[in-house]
Amino acid sequence: MFGAAYVGRAISPFQPWPVPGLSRIPWVGPVLFDHDPLVYASYLLAPALWLLLFRSRWGLVLRGAGERPAVLATYGHSPLLVRYLAVAGGGLLAGVGGAHLSTAYANAWFESMTAGRGFIAVALVIFAAWHPLRAVGGAYLFGAALALSPALQARGYGFNQFALDALPYLVTIAALVVLGRRRTNAAPEDLTRVFQLTPTR
Amino acid sequence: MRIPRLSAVAAAALLLAACATNTTEKAATADGAPGTGGTKIGFIFVGPKDDYGYNQAAYEGSQAVAKAYPDLEVLTAENVPEDDNAARVMEGMVRKGAKIIFATSYGHRDPALKVAAANPDVVVLQQGNIVDGAMPPNFGTYFGTVYEPVYLAGIVAGRTTKSNKLGYVYAFPISQTLDNINAFQLGAASVNPAAKTYVVNTSNWCDPAKQAEAAKSLLSQGVDVISQHQDCTATVIRATEAAGAYTVGYHADASALAPKGWLTGSEWDWGPLYTKMIQTIVAGSFTGSPYNANFRVGLKTGDNPFVQSPYGPAVDAPTKQLVDDARAKISKDGSPFLGPVVDQAGTVRVAAGTVPDYRTIEAIDYFVEGVVGKIPAS
C-alpha cells in the first residue's frame, strides 16, 4: 500500500526552537516559547483563521456557503465550489496537525499511532462550536487531560492509573453533555440538511 | 533434561485418541506427534514488524527460521490484537497448512490455548506468558531471562547518571515489566547507592504521544538516563537524545537514533531459540520436551535469547569491567534477584542468599527499594 516503505523509518524531525529572549521568562517561557515551529504556527493560525472567517468578505462567503447557499448563489458564487475549497483547506490543516504528531511530537511513525484520539478530535469540533479560538481552548483542555497522568507519575504521585487514562474521554463526554444542552445548534445551518437528504438549493 | 521417550509415546497415543474423537481427517494426516508433517510455520505479532522493538525482533527471528528451514514456508501476520481475532488469524494459518504456530505477544496466550485445544496436531508456542496448571501436550511458553541484560544496563546507567535520577517508561504493570524495572534499579544501585529510578506508565505498548509526554515529564524532573519497556521505542529515544540525556535501549539496537547518548541496552536474538524449538518439534519429540512447558533460559542455563546491546561512546572501560564482573556473577548465582531483595516499603521479599525461581520472579507485584512511583491499582 502507499507509504508502507516509510513505516518505522528514521526521519529528521522538527527540532524545538526556543524563541530567543521569550523562552527565558520564568514559567511562561518554557510553557509557551520552547517548542517546534509548528506550535508557533498554531499560535498565529487560529487568530488568522478567526479574522478570515468572521472579519473578511471571503469568510462571509464561506460561512454563507454553510448557512444560506441560496443567498450565495444569488450573488453569483458557487456554494459547491466554496464548500469543496473549504474542505480541502480544512483537510490540509488537519493533515498538518496529524503530521505534527509524527514529525515533531513523537518523532516517529507507527501504525495506529493516534491511539483512538480521532474521537477526541471530533468531540473538539463540537466542543468548539465551529469557532477557531474556542478550538484552541478545547485543544489545550484535552491536551492537559492527556498529559496529566505522566506528569503526575514522573513526580512520584500514585493515582489510579486507569482512572487518569480515562480522563480525556470523561472530559469529552462531559463537554458533549454540557454543550449538547445548548439551545442553538452551532453547526452551520445548511450542513444539517445534508443529513436530511434534501438537495442543496 | 530429557523426559523418557515412553511418556512422549504415551502422550502421543492420548493425542491420537483425542484426534480421533475430533475429526478423522486430522488423525489421518498427523503421524501422532503434534507439529509434524506441516508445510508452513505461522508467526503472529501484536504490532508492526518494523517498530524498532519487540515485534521487529520477533519478526527477525521468524526470518532466521525461514533461512534455517528453506523447505518450510514462514507465514507472518502483523498487528494481531490480543483477543479472539488472534485465534482467527492462527486458525487461518492452520488451514493453510501450518503445524507450528508462534504467538509472540504476552496477551496472545488465551487465544493460543484455544487454537491448541481445537487443533491437537498443531504445536502452539506462546512467547512471554506462563500457563498455570497442566500444560496441554501441544503447547508451551518460552522466554528469555529478560531482566538479566536489563540489570547489566542498570549498572551502566547507575555509573553514568549525574543527577542520580534514572527514568523508566513502561506500558503496563505486569510482572515482566516490574522485573525489568526492579533489575534496572538493582543494577544501578549495585554501583551507585544514590541512584533512584522514576517510573511512568503509558497503558499502551505503543502510544507515541503518551511516550513523548512521559519522556518530557521525566526529563523535566532532572532524569538524565531513560530506559523503557515499550514495543515501539523510537519516540522516547529521540526525546531523550534531543534533551542531551542518555538512553538505555530495549528490544533492539537503536543506537542509530541516539549517536551521542546511547549507553547500552537489551535486545532479542530469537533466531537460535526458535530454530532449536522447531528442530525438536519436527523431529516429533515436542510433547514432554522442555519446550512443552514454561521454558525459560538465562545466563546460567545457556542460550538466553535476550542479550546485551553494544555499548555507546559514553561508556568507559571501568564500567564495562563492572558489567563483565556482574555477568560472571549472574552466570554463577543464577539470578540478579539473589537475596536480599527489599521492596519500597522496606520489607525483605527475597531472603538473603536465596535465588528465586522464575515462577516467583514472574509473579512479582512490587517495586524494589529505590524505585520512585507506585504500581497503579487496578
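## A tour of the contacts in chains A and B

Fifteen residues of domain 1 of chain B are in contact with twelve residues of domain 2 of chain B. The model is predicted, and the tour starts at this boundary inside chain B before it moves to the contact between the chains.

**Stop 1: the two domains of chain B**

Select residues 5-144 together with 270-297 of chain B, and colour them as domain 1. Then give a second colour to residues 147-266 together with 311-372 of chain B, which form domain 2. Each domain is thus assembled from two separate stretches of chain B. The C-alpha centres of domain 1 and domain 2 of chain B are 31 Å apart.

**Stop 2: the surface between the domains**

Domain 1 and domain 2 of chain B bury about 1300 Å² between them, and 54% of this area is on carbon and sulfur atoms. On the domain 1 side, display Tyr52(B), Tyr54(B) and Tyr106(B) as sticks; these residues lose the most area to domain 2 of chain B, and together they account for 39% of what that side buries.

Next, select Arg296(B) and Glu362(B), whose side chains form a salt bridge with an N to O distance of 2.6 Å. One salt bridge is found across the interface of domain 1 and domain 2 of chain B. Two residue pairs in polar contact are also found across this interface, counted with both residues at pLDDT 80 or more.

Which elements give two or more residues to the side of domain 1 of chain B that touches domain 2 of chain B? They are helix H3 (54-68) and strand S11 (294-297) of chain B. H3(B) gives the most to that side, with three residues. By class, the domain 1 side that touches domain 2 of chain B has eight nonpolar, four polar and three charged residues.

**Stop 3: chain A on its own**

Hide chain B and show chain A as a cartoon. Chain A has nine helices and two strands. Traced from the N terminus, the elements of chain A follow the order β-α-β-α-α-α-α-α-α-α-α. Of the 201 residues in chain A, 29% are buried. Among the contacts in chain A with a separation of 6 or more, 48% join residues 24 or more positions apart.

**Stop 4: where chain A meets chain B**

Bring chain B back into view. The contact between the chains takes 29 residues from chain A and 34 residues from chain B. Chain A and chain B bury about 2700 Å² between them, with 57% of it on carbon and sulfur atoms. On the chain A side, select Tyr105(A), Phe110(A) and Ala154(A), which lose the most area to chain B and together make up 23% of what that side buries.

Now display Arg117(A) and Asp207(B): their side chains meet in a salt bridge, 2.5 Å from N to O. One salt bridge is found across the interface of chain A and chain B. Between these chains there are six residue pairs in polar contact, with both residues at pLDDT 80 or more.

Finally, colour helix H5 (79-105), helix H7 (132-154) and helix H8 (161-180) of chain A, the elements that give two or more residues to the side of chain A that touches chain B. Which of these gives the largest share? H7(A) does, with six residues. The side of chain A that touches chain B divides into 18 nonpolar, seven polar and four charged residues.

Conventions. Residues numbered from 1 in each chain as written. Chains lettered and ligands numbered in written order. Predicted model: local features only at pLDDT ≥ 70, side-chain atom pairs only at ≥ 80, totals over all residues. Heavy atoms only, no water. Domains from an automatic or database assignment. Contact = heavy atoms within 4.5 Å. Buried area = accessible area lost by both parts, 1.4 Å probe. Salt bridge = Lys/Arg side-chain N within 4 Å of Asp/Glu carboxyl O. Polar contact = N/O pair within 3.5 Å; in protein donor to acceptor, adjacent residues only side chain to side chain. Helix = DSSP H or I, 4+ residues; strand = E, 2+ residues; numbered from the N terminus. Nonpolar A, V, L, I, M, F, W, Y, C, P; charged D, E, K, R; others polar. Buried < 20%, exposed > 50% of the residue type's maximum accessible area, 1.4 Å probe, protein only.
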